[in-house]
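Student: I am new to this structure. Please take me through one part closely: the place where protein and RNA meet.

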Amino acid sequence: MIDLQLLRTELASVTERLAQRGFQLDCQAFESMELERKKVQTDTQELQARRNALSKQVGQLKAKKEDASALMAEVNAQAEQLKRLEGELESVQLRLNEFLMGIPNLPQATVPQGHSADDNVRLREVGVPKTFDFTVKDHVDIGEQLGQLDFDTAGKISGARFSVLKKDVARMHRAIAQLMLNTHIEEHGYTEVYAPYLVSGECANGVSSLTKFKDDLFKIEGRDLYLIPTAEYPVTNFVRQQILNLDQLPLKFVCHTPCFRSEAGSYGKDTRGMIRQHQFDKVELVQIVHPDRSAEAHDALTLHAEAILKKLELPYRTMVLCTGDMGFSSSKTYDIEVWLPGQSAYREISSCSNFEAFQARRMQARFRNEKNKTEPVHTINGSGLAVGRTLVAILENYQCSDGSVMVPKVLQPYMGGIERIHSVA
RNA sequence: GGAGAGAUGGCCGAGUGGUCGAAGGCGCUCCCCUGCUAAGGGAGUAUAGGCUCAAAACGCUUAUCGAGGGUUCGAAUCCCUCUCUCUCCGCCA
């Protein structure tokens, strides 16, 4: 949620900054709602104050066993008007809130301007895509020929966009998650957490906009519960409706969960293979930080995610998303893209965003600052990394001409020391 | 699933339909006293809004005692619904 005070005091500049990310703010609607709110709210509160004062007098009179019927009649006389005003106030505040909740975050000044993914800016490129002296296959062909990646069985059980992994590939999938978790807790100072895979609508709305994105989520029938599309949902909400002490910051959590996405808006996109699934595993990094330090923490978190790719010796590049390509809640986003030989392309494997106070205001996550005043915290998160896509990248980058796949050195200890995955046949 | 108990400020804990945003205690902050330490005395100490203001402070004001409704001139207190916690029984990975 955008800062209401800012909207009131700097409407023009806010509108301009929102326009950079392609959002047209309806200033007129806002101003007229604000005007209405102000009038209705002051009128209502005036009447409430009067009622409270009179009621107090009634109590005093009754304590002295005197007649209070005149005062009671006076309160009754305004009761209907008060009720009407209270209703109006509720309605205008509801509308105002809905309006606010529909406004995306303001982009940081350092975010490049642009309209689409084409305008994203490359921040760095690490590693060089390997050249192969044979015709490369994509992960689907590799995995199926190994007999350890099975989309037919998955389809039979659950339908499209699911996968079944077997034997060494299944084990590698698990090993990847272990490597990521261990790296982040041992080398980057994160605290491992295990969290629910179902969250309430309220929590979903805290990190994103439930009304805007509920089609992307799987909902539990008849209950206010959603399957998480990322561990960001439960973990960021750890601090919802809390006031943290200054010395508790920063909080750094790492959490491995499956993620569930309906992929409602991506029919026909990435239908082949494991790139875009209804269910995939992800190791998520979440930081709750002091506002003064969110930018540096965001950069650091992104490097924490990149460290995994370095360990796996996978070529990648890191992009700064332009204003037009950023997510709704983000003030700045880095995408990490891994090289996939099967597609001859860099594909997203992590997205690291600084939400600044946007989520914190929605969640009412605050801390006591140096002046002992409550202030919203800043929240940051990023994939560190998507496990399924990492598996895809390894299969494709480590493939050999005979159809086998080398196991990256760093994963071998997690896989009983095996150095290569062979076909089961 | 059955039976019962409960939810109050940072924490513990009191609370009769009326001067209760809430006694008392602990903790914390500031001040005083005390030549160390300990003890003692005093004051302060919720959150989110609104109005006023250039702005902050002050001031005025509204809401909040798990959540949401209701009764009432007036609700922490009475009624209804929901959520959560605890105890016992049953079932169970």
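**The surface near the RNA**

Tutor: In this predicted model, RNA strand B is surrounded by 25 residues. Arg8, Arg37, Gln45, Ser55 and Thr374 are the closest of them. Which parts of the strand face the protein? Of the atoms of RNA strand B that come within 4 Å of the protein, 74% belong to sugar and phosphate.

Single contacts fill in the picture. Take Arg8. An N or O atom in the Arg8 side chain is 2.2 Å from a phosphate oxygen of RNA strand B. Asn52 also has a side-chain N or O atom at 3.1 Å from a phosphate oxygen of the strand. Arg366 meets another kind of atom: one of its polar side-chain atoms lies 3.1 Å from a sugar or linking oxygen of RNA strand B.

Now look at the elements behind this surface. Those that give two or more residues to it are α1 (4–9), α3 (27–63), α4 (69–101) and β13 (365–368). Which element gives the most? That is α3, with 15 residues. Place the contacts on these elements as you turn the model. Residue 8 falls within α1 (4–9), and residue 52 within α3 (27–63). Residue 366 falls within β13 (365–368).

What kinds of residue make up the surface near RNA strand B? They divide into 10 polar, 9 charged and 6 nonpolar. Arg8 counts among the charged ones. To recap, α3 gives the most residues to this surface, and sugar and phosphate supply 74% of the strand's atoms within 4 Å of the protein.

Methods:
Residues are numbered from 1 along each chain as its sequence is written. Chains are lettered from A and ligands numbered from 1 in the order in which they are written. This is a predicted model: local features need pLDDT of at least 70, side-chain atom pairs count only at pLDDT 80 or more; totals for chains, interfaces and linings use all residues. Side-chain values use heavy atoms; hydrogens and water are left out. A residue is near a molecule or strand if one of its heavy atoms lies within 4 Å of it. A polar contact is a pair of N or O atoms within 3.5 Å; within protein, one must be able to donate a hydrogen and the other to accept it, and residues adjacent in sequence count only if both atoms are side-chain atoms. Helices (H or I, at least four residues) and strands (E, at least two) are DSSP runs, numbered from the N terminus.
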